[in-house]
Amino acid sequence: MNVNVNGRQLFFCSCFDISFVIPVLILFCSCHKLQESLLSSASGYSNYRGILNWCVVMLILSNARLFLENLIKYGILVDPIQVISLFLKDPYSWPALCLIICKCLALLFYLWLQGTFGERLGTFLHLINLSTILCLPVATVLFVSSMTPVGAVFALAVYTILFLKLYSYKDVNRWCRDIRQARARTLARSLSYMYYFIFAPTLCYELNFPRSPRIRKRFLLRRLFEMVFLMQLLVGLIQQWMVPTIQNSMKPFQDMDFSRMIERLLKLAVPNHLIWLIFFYWFFHSSMNFVAELMQFGDREFYRDWWNSETVTYFWANWNIPVHKWCLRHFYKPMLKRGVSKRVAQAAVFLVSAFFHEYLVSVPLKMFRLWAFMGMMVQVPLAWFVGQFLRGNYGNAAVWISLIIGQPIAVLMYVHDYYVLHVQGPSAG
């Protein structure tokens with residue numbers, strides 16, 4: 001038998017026509033095989049770059065519409081002069097700057113304490129000095145009327161960083177004395193090295209920091225350009241987008257109109273989250289890399305892949321590496337060494353973080369509401385729930401939802417209370 005398949009002549013004996021022809025036809029003519037659809041998890045397909053690009057395009061288009069709607073409704077609200085008034089009430093009074101300069105006195109006093117007194121008395125005076133570092137700016141903010149909330153936040157943040165750095169400095173020197181490292185006292189008293197640590201982008205003290213071989217000028221200029229550009233972008237987005245949305249949210253909160261409150265919350269969630277993401281890049285990438293490059297500080301791990309977080313604990317351990325290292329080194333591990341369980345130690349870390357979050361918000365606003373504190377403490381049961389019941393993409397989605405929705409809730413709570421206390425209260429009286 002003579003069979004033509006794809007232009008080729010195949011010859012078979014007549015007795016084997018059926019048994020040979022059918023397999024050959026299947027081999028040469030079949031266009032199907034056993035396979036899964038690409039979007040099925042069993043297919044093993046993972047190249048979704050086109051879908052990611054589509055999401056980015058849709059995000060840009062949707063936000064462009066919102067931005068255009070904002071311009072049509074409110075006009076141009078960006079005012080650079082108004083930014084200066086956020087830091088200064090009186091151009092001849094600079095309380096926040098004076099407060100920051102005073103930290104140098106606290107630092108010099110601390111260095112004097114290190115080598116003047118014995119271990120016990122020095123530790124006692126060290127605790128008093130640390131308490132003063134936290135309490136002095138609070139008293140200044142509360143009793144100096146020319147201090148603005150934004151200037152107070154900046155000053156308190158500087159003093160909080162100084163507090164954490166000096167706590168680490170004291171711990172490391174104590175550890176070095178315990179293991180009798182002869183060089184520890186000499187290096188610990190070095191004023192220039194101490195000031196290097198104070199300005200370095202880290203909270204954890206070491207006797208020898210990793211150093212980069214040289215300063216890369218192009219890298220430095222790129223980071224500087226990013227810092228300037230993103231700062232202008234942040235100010236513009238806050239003035240043009242967030243402020244009108246927050247102002248329009250006051251009436252639904254006063255009337256307790258829950259449907260309108262939820263609508264305002266969701267409307268605020270988009271600009272708030274976008275501003276938070278830009279701030280993250282501005283601070284943890286551009287600014288900290290700029291400082292690190294300028295000081296030739298070698299450890300540039302300021303963040304990890306928190307955007308892939310499948311649990312709440314993974315997010316908090318990876319989005320702010322300097323704070324995470326400090327908590328792990330000076331708080332979490334010492335508690336474990338004292339026999340405290342991991343769950344209790346983790347809850348204690350969240351408790352300390354909640355205190356500092358509330359400290360940096362309530363004091364500048366001059367009101368005690370605990371919204372930031374409760375927002376941080378809610379992370380403990382949320383972390384347990386996500387870790388127990390959600391996995392993979394579901395856990396990652398839960399982390400993103402908590403970030404997108406949780407922050408604007410706290411913003412609206414504080415703004416509403418501040419409006420009632422400082423705006424509506426005086427006008428009503």
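Visitor: What is the handedness of the crossing of helix 7 and helix 15?

Guide: In this predicted model, helix 7 and helix 15 make a right-handed crossing. Their axes come within 8 Å and cross at roughly 145°; helix 7 covers residues 149–178.

Visitor: Which residues make the contact of helix 7 and helix 15?

Guide: From helix 7 they include Pro-149, Ala-152, Val-153 and Leu-156. From helix 15 they are Phe-356, Tyr-359, Leu-360, Val-363, Pro-364 and Leu-365. By class, the contact has 13 nonpolar, one polar and no charged residues.

Visitor: Why are helix 10 and helix 12 called roughly antiparallel?

Guide: The axes of helix 10 (residues 217–247) and helix 12 (residues 258–295) cross at roughly 160°. Angles over 145 degrees count as roughly antiparallel, and therefore helix 10 and helix 12 are described as roughly antiparallel to each other. The axes come within 9 Å, and the crossing is left-handed. By class, this contact has 24 nonpolar, six polar and five charged residues.

Visitor: Why is His-357 called partly exposed?

Guide: The relative accessible area of His-357 is 32%. Buried means under 20% and exposed over 50%, so a value of 32% makes His-357 partly exposed. His-357 is listed by UniProt, in an unreviewed entry, for "active site". His-357 lies in helix 15, residues 342–365. Leaving aside residues up to four places away in sequence, His-357 touches Ala-372 and Met-376.

Visitor: What makes Arg-343 exposed?

Guide: Arg-343 has a relative accessible area of 61%. The cut-off for exposed is over 50%, so Arg-343 is exposed. Arg-343 is also found in helix 15. Its C-alpha atom is separated by 9.6 Å from that of Val-380, 37 residues apart along the chain.

Visitor: What is notable about phi of Gln-296?

Guide: Gln-296 has a positive phi of about 55° although it is not a glycine. Most residues other than glycine have a negative phi. Gln-296 is placed in the loop between helix 12 and helix 13.

Visitor: How do you know that Gln-296 is partly exposed?

Guide: Gln-296 has a relative accessible area of 21%. Buried means under 20%, so Gln-296 is classed as partly exposed.

Visitor: Where is Leu-370 found, and why is Leu-370 called partly exposed?

Guide: Leu-370 is in the loop between helix 15 and helix 16. Its relative accessible area is 30%, and partly exposed covers values between 20% and 50%, so Leu-370 is partly exposed. Phi of Leu-370 is near 65°, a positive value in a residue other than glycine.

Notes: Residues are numbered from 1 along each chain as its sequence is written. This is a predicted model: local features need pLDDT of at least 70, side-chain atom pairs count only at pLDDT 80 or more; totals for chains, interfaces and linings use all residues. Side-chain values use heavy atoms; hydrogens and water are left out. UniProt positions are given in the numbering used here, feature names are shortened, and annotations may be inferred rather than shown by experiment. Helices (H or I, at least four residues) and strands (E, at least two) are DSSP runs, numbered from the N terminus. Buried means under 20% relative accessible area, exposed over 50%, partly exposed in between (1.4 Å probe, protein chains only). Contact means heavy atoms within 4.5 Å. Axes are lines fitted to C-alpha atoms, for helices over the stretch in contact, and angles run from 0 to 180 degrees between N-to-C directions. Angles under 35 degrees count as roughly parallel, over 145 as roughly antiparallel, 65 to 115 as roughly perpendicular and the rest as oblique. A crossing is left-handed if the near helix is turned anticlockwise from the far one by less than a right angle, and right-handed if clockwise. Ala, Val, Leu, Ile, Met, Phe, Trp, Tyr, Cys and Pro count as nonpolar, Asp, Glu, Lys and Arg as charged, and the others, Gly among them, as polar.
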